[in-house]
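Student: I have a new model open and would like to learn how to read it. Can we go through it one feature at a time?

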Amino acid sequence: MFQVLSKQFLVLPLILVVIVVPLYISFNFREPKPAEISSSQSEETPMATNAFGVKVENNPAQSKLTELGVTAWPKWSCGPSKFPWSFTATETMYLLEGKVIVQVDGHEGSFTIGAGDLAVFPKGMKVTWDVLEAVNKHYSLEK
């Protein structure tokens, strides 16, 4: 009888170690869940970001590009190069191809725009364009 009782007393600590302790740890030491993002935008609507005052939208819907009349805008292109640029009017551009690192005067850091991006640069902004891959874009100047 002593052997039967000692086996029962060994099973209980084993159950605690194998089942209860891992459950306790999983509930009390887990990573916090990221806050859920509530947005009125559907998943199909791309998110626009604002980098140093420049609104950048990655891969906007074709319907938006059509609504803006992007294909009727003038085109501009250039090869890899680095140069300063001042926007004398608000400029909206849609990059067909290429990749550019943009540094805004008066700000530390930079951001990248590339093929498929729709970007709006405000009038008066001064930047340095570092064209990493040849750029081909449509652009529209606010009148």
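**Pocket, strands and rings**

Tutor: Start with the pocket lining. The residues lining the largest pocket divide into 9 nonpolar, 2 polar and 2 charged. Keep in mind that this is a predicted model.

Student: How is a pocket found, and how much space lies in the largest pocket?

Tutor: Rolling a probe the size of a water molecule over the atoms shows where empty space is left. Here the largest pocket holds about 210 Å³ of space.

Student: Which residues lie nearest the centre of the largest pocket?

Tutor: Look for W85, F87, E91, K137 and L141. They belong to a lining of 13 residues.

Student: Which strand gives the largest share of the lining?

Tutor: That is β8, with 4 residues. At least two lining residues come from each of β4 (81-86), β5 (91-104) and β8 (126-141).

Student: Now strands. Which strands are joined to β2 by bridges?

Tutor: Strand β1 (residues 48-51) is joined to β2 by 4 bridges, and the two run antiparallel. Strand β7 (residues 117-121) is also antiparallel to β2, again with 4 bridges. Follow K55 in β2: N50 stands opposite K55, and so does V120 of β7.

Student: What links β1 and β2?

Tutor: They form a hairpin, with 2 residues between them. In the turn, F52 has a positive phi of about 55°.

Student: E57 caught my eye. Is E57 buried or exposed?

Tutor: Buried means under 20% relative accessible area. E57 has 8%, so E57 is buried. This residue sits in strand β2 (residues 54-58).

Student: Which side chain does E57 contact?

Tutor: The side chain of K64. The two are joined by a polar contact of 2.6 Å.

Student: Last, the aromatic rings. How many aromatic pairs are there?

Tutor: A pair of aromatic rings is described by the distance of the centres and the angle of the planes. This structure holds 7 such pairs. Take W76 and F83: their ring centres are 6.5 Å apart and their planes stand at 65°, so the pair is edge-to-face.

Student: How accessible is W76?

Tutor: W76 has 31% relative accessibility, so W76 counts as partly exposed.

Student: Which residues form the aromatic cluster?

Tutor: F52, W76, F83, F87, F111, F121 and W129 form one cluster. Two of these names have come up before: F52 lies in the hairpin turn, and F87 is among the residues nearest the pocket centre.

Notes. Residues are numbered from 1 along each chain as its sequence is written. This is a predicted model: local features need pLDDT of at least 70, side-chain atom pairs count only at pLDDT 80 or more; totals for chains, interfaces and linings use all residues. Side-chain values use heavy atoms; hydrogens and water are left out. On a 1 Å grid over the protein atoms alone, a cavity is a set of points where a 1.4 Å probe fits but cannot get out, and a pocket is an open set with protein on both sides within 12 Å along at least five of seven lines; lining residues have an atom within 4 Å of a point. Grid points are joined across faces, edges and corners, and a volume is the space filled by probe spheres set on the points. Ala, Val, Leu, Ile, Met, Phe, Trp, Tyr, Cys and Pro count as nonpolar, Asp, Glu, Lys and Arg as charged, and the others, Gly among them, as polar. Buried means under 20% relative accessible area, exposed over 50%, partly exposed in between (1.4 Å probe, protein chains only). A polar contact is a pair of N or O atoms within 3.5 Å; within protein, one must be able to donate a hydrogen and the other to accept it, and residues adjacent in sequence count only if both atoms are side-chain atoms. Two strands pair if DSSP finds at least two bridges between them. Rings of Phe, Tyr and Trp (its six-membered ring) pair if their centres lie within 6.5 Å; planes under 30 degrees apart count as stacked, over 60 as edge-to-face and the rest as tilted.
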